[in-house]
Amino acid sequence: MNKAKKLIAMLLAGTMVVSAGAPVFAANEDAPPEMMGEIRNILKQAYVEEIPEEKLAKSTIDEILEGYQDPYTVYQTREQYEDFIDGIENEFSGIGVYIEMIEQGMMITSPIEGSPAKKAGLKEGDIIIGAGGYDLKGASYAEAAAKTMGEPGTKVMLKIKRGEEIFELEVTRAKIQVPEVTHEVLDNHIGYVDINTFGNETPKHFGDAVEALKKENVDSWIFDLRSNGGGYLWAARVLAGYFVDSKKVVVIKGREGESAETGVNLGDIGDGKVIVLINPYSASASEVLSGALKDYQKATFVGNLSFGKGSVQVMYPLSNNDMLKVTIDHFYSPNKNTINHVGVEPDINTRGFDALEVAKMLLSGDSTDMMDPRYKIGPQNFYIDDKLMRNEESFEMYAKLFQDDEFNYIDKTRIETLRDRWVKAKILGNIEDQTKWKNEIEKIRKAKGLEGEDPFFAEISAKAESEEMAE
């Protein structure tokens, strides 16, 4: 059930498409020089910001968009485009694993049922340290994915580390279809809905899941958006309708001005507490839905700061049958909170613990049991079953998240989220925001009588120094 997973897939979201990026399994190519005139005309007419003529005269898309911080306006070959659309529908070709990238390579968090990886005997915890003769040590997610994905029927030789054993295994790639939505009852009373993408069938599957769980008389809900990179904007609007009816769901701003999209009211979830799980790979359409639920105070958010992808793309066909994906709008929450490069904040930052386990703990207690600790997190009150404190693992999680030491649970979450924001700003090279978030952390520390810099920054510096020495 641990969804600290990345599928060999992609991030995305739109009306069109609201997309967090191109498929990781197909690298973007430079546009052919003979297509640049056509591309310049599209960018001139459609791009979210007016581009000066002197910039349009540049010879590549990257040069034209230099300074716009927009990795989502890209040229795609027909094959890359088809992979991209397959990714929205959670369909791809490869070995079929959920992974986490670690220093040694790709660690399998779980093989997909019925996949080539599962049939070949790969297991949770196996580390793919090589693929197709390439060493995956230190590889990026995109680099590793490019080596393991490929056409159905093609073979790839994998080098596997299992414990202390290292062996090779040949796997034949196949077409993989991952369910867009799955659901189950947890702990005999919680309706759990795992939303993997916002594809064409997601609204139907979501509605079916909600109705099935309501028949099981669940009294609370967990909606899992972790590692959901987005999909179609209209799908996010339908899901939002289950919580906010036909109220405003997202504000869209572009060159033509400002407009709003509303929820599509096809049903509701009824009563009960609602928790939404997010992580750094929750993006685009996931953030449309999250922004709406947060603004209307319909849910408590558990996990980590989301990706921060607040722009809308449209696909423009080119005369050579390739495609140009162009950012045409930015989107904001109903209260006009910025999402791009900012993300959606969790109400409780899980700080390395499995967000689902934290959510289940929050929904474990009873308001009538005076022994159950009580907390207001986001817009809702939660009661944690005191019996969980007898379990060593549960108590450790509770203690680190909720017991006061230097900080209470609210300050702990705020500091962890500010650290996440600082890291995001550092990745983007935004020095102004790095200073801003660091100063916010210092304010919290000073209010608690703590002097000196947050130890987090010393750890970051030490790690960077050791990496430089290793190089």
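**Figure 1. Surroundings of Ile-39 in the largest nonpolar core of the predicted model.** Once residues up to four places away in sequence are set aside, Ile-39 touches Ala-31, Ile-61, Tyr-75, Leu-318 and Leu-324. The core to which Ile-39 belongs has 61 residues, and Ile-39 and Phe-223 are the ones that touch the most other members. Among the contributing elements, helix α8 (residues 233-244) gives the most to this core, with 9 residues. A second core, separate from this one, has 24 residues, including Ile-275, Leu-362, Leu-363 and Ile-384. In soluble globular proteins, nonpolar side chains tend to be buried together.

**Figure 2. The open sheet of 6 strands and the helix that packs on it.** The strands follow the order β12-β13-β14-β18-β19-β22, and their pairing is mixed. At the edges lie β12 (181-186) and β22 (348-349), each of which pairs on one side only. Helix α7 (residues 202-215) packs on this sheet, where the helix touches β12, β13 (190-195) and β14, and its direction makes about 15° with that of β12. Within the sheet, strand β14 (residues 220-224) and strand β18 (residues 273-278) pair in the parallel sense over 5 bridges, and Asp-224 has Leu-277 of β18 as its bridge partner.

**Figure 3. Two residues other than glycine with positive phi, Asp-187 and Ser-227.** Asp-187 is found in the loop between β12 and β13, where its phi is positive at about 50°. With a relative accessible area of 43%, Asp-187 is partly exposed, because this value falls between the limits of 20% and 50%. Ser-227 is found in the loop between β14 and β15 (230-231), and its phi is near 60°. The relative accessible area of Ser-227 is 18%, which is under the 20% limit, and Ser-227 is therefore classed as buried.

**Figure 4. The hairpin of β16 and β17.** Strand β16 (residues 248-254) and strand β17 (residues 257-262) run antiparallel and are joined by 6 bridges, with 2 residues between the strands of the hairpin. One of the paired positions is Lys-253, whose bridge partner in β17 is Glu-258. Strands of a sheet pair through backbone hydrogen bonds, either parallel or antiparallel.

**Figure 5. Polar contacts and neighbours of the buried residue Asp-126.** Asp-126 has its place in the loop between α5 (116-119) and β7 (127-131), and with a relative accessible area of 2% this residue is buried. The side chain of Asp-126 reaches the backbone nitrogen of Lys-123 at 2.8 Å, and it also makes a polar contact with the side chain of Arg-162, again given as 2.8 Å. Leaving out neighbours within four places in sequence, the residues in contact with Asp-126 are Met-106, Met-107, Ile-108, Gly-121, Ile-160, Lys-161 and Arg-162.

**Figure 6. Leu-289 in helix α9.** Helix α9 (residues 285-295) holds Leu-289, a residue that is buried, with a relative accessible area of 4%. Apart from neighbours within four places in sequence, Leu-289 is in contact with Phe-198, Leu-225, Ala-236, Leu-239 and Ala-240. Between Leu-289 and Gly-230, which are 59 residues apart in sequence, the distance in space is 9.8 Å, C-alpha to C-alpha.

**Figure 7. Helix α11 and its packing.** In helix α11 (residues 392-402), the buried residues are Ser-394, Met-397, Tyr-398, Ala-399, Leu-401 and Phe-402. These buried residues pack against β22, α10 (355-362), β23 (374-377) and α12. At the start of α11, a side-chain oxygen of Asn-391 comes to within 2.9 Å of the backbone nitrogen of Glu-393. An α-helix has 3.6 residues a turn, so residues three or four places apart point the same way.

**Figure 8. Helix α12 and its two ends.** Helix α12 (residues 409-428) has 20 residues, which at 1.5 Å a residue should span 28 Å, and the 29 Å between its end C-alpha atoms agrees with this expectation. At the start of α12, a side-chain oxygen of Asn-408 reaches to within 3.1 Å of the backbone nitrogen of Ile-410, whereas just after the helix Gly-429 takes a positive phi of about 75°.

Notes: Residues numbered from 1 in each chain as written. Predicted model: local features only at pLDDT ≥ 70, side-chain atom pairs only at ≥ 80, totals over all residues. Heavy atoms only, no water. Pairing = 2+ DSSP bridges. Helix = DSSP H or I, 4+ residues; strand = E, 2+ residues; numbered from the N terminus. Contact = heavy atoms within 4.5 Å. Axes fitted to C-alpha atoms, helices over the stretch in contact; angles between N-to-C directions. Expected span 1.5 Å × (residues − 1). Polar contact = N/O pair within 3.5 Å; in protein donor to acceptor, adjacent residues only side chain to side chain. Buried < 20%, exposed > 50% of the residue type's maximum accessible area, 1.4 Å probe, protein only. Core = buried A, V, L, I, M, F, W, Y, C linked by side-chain atoms within 4.5 Å.
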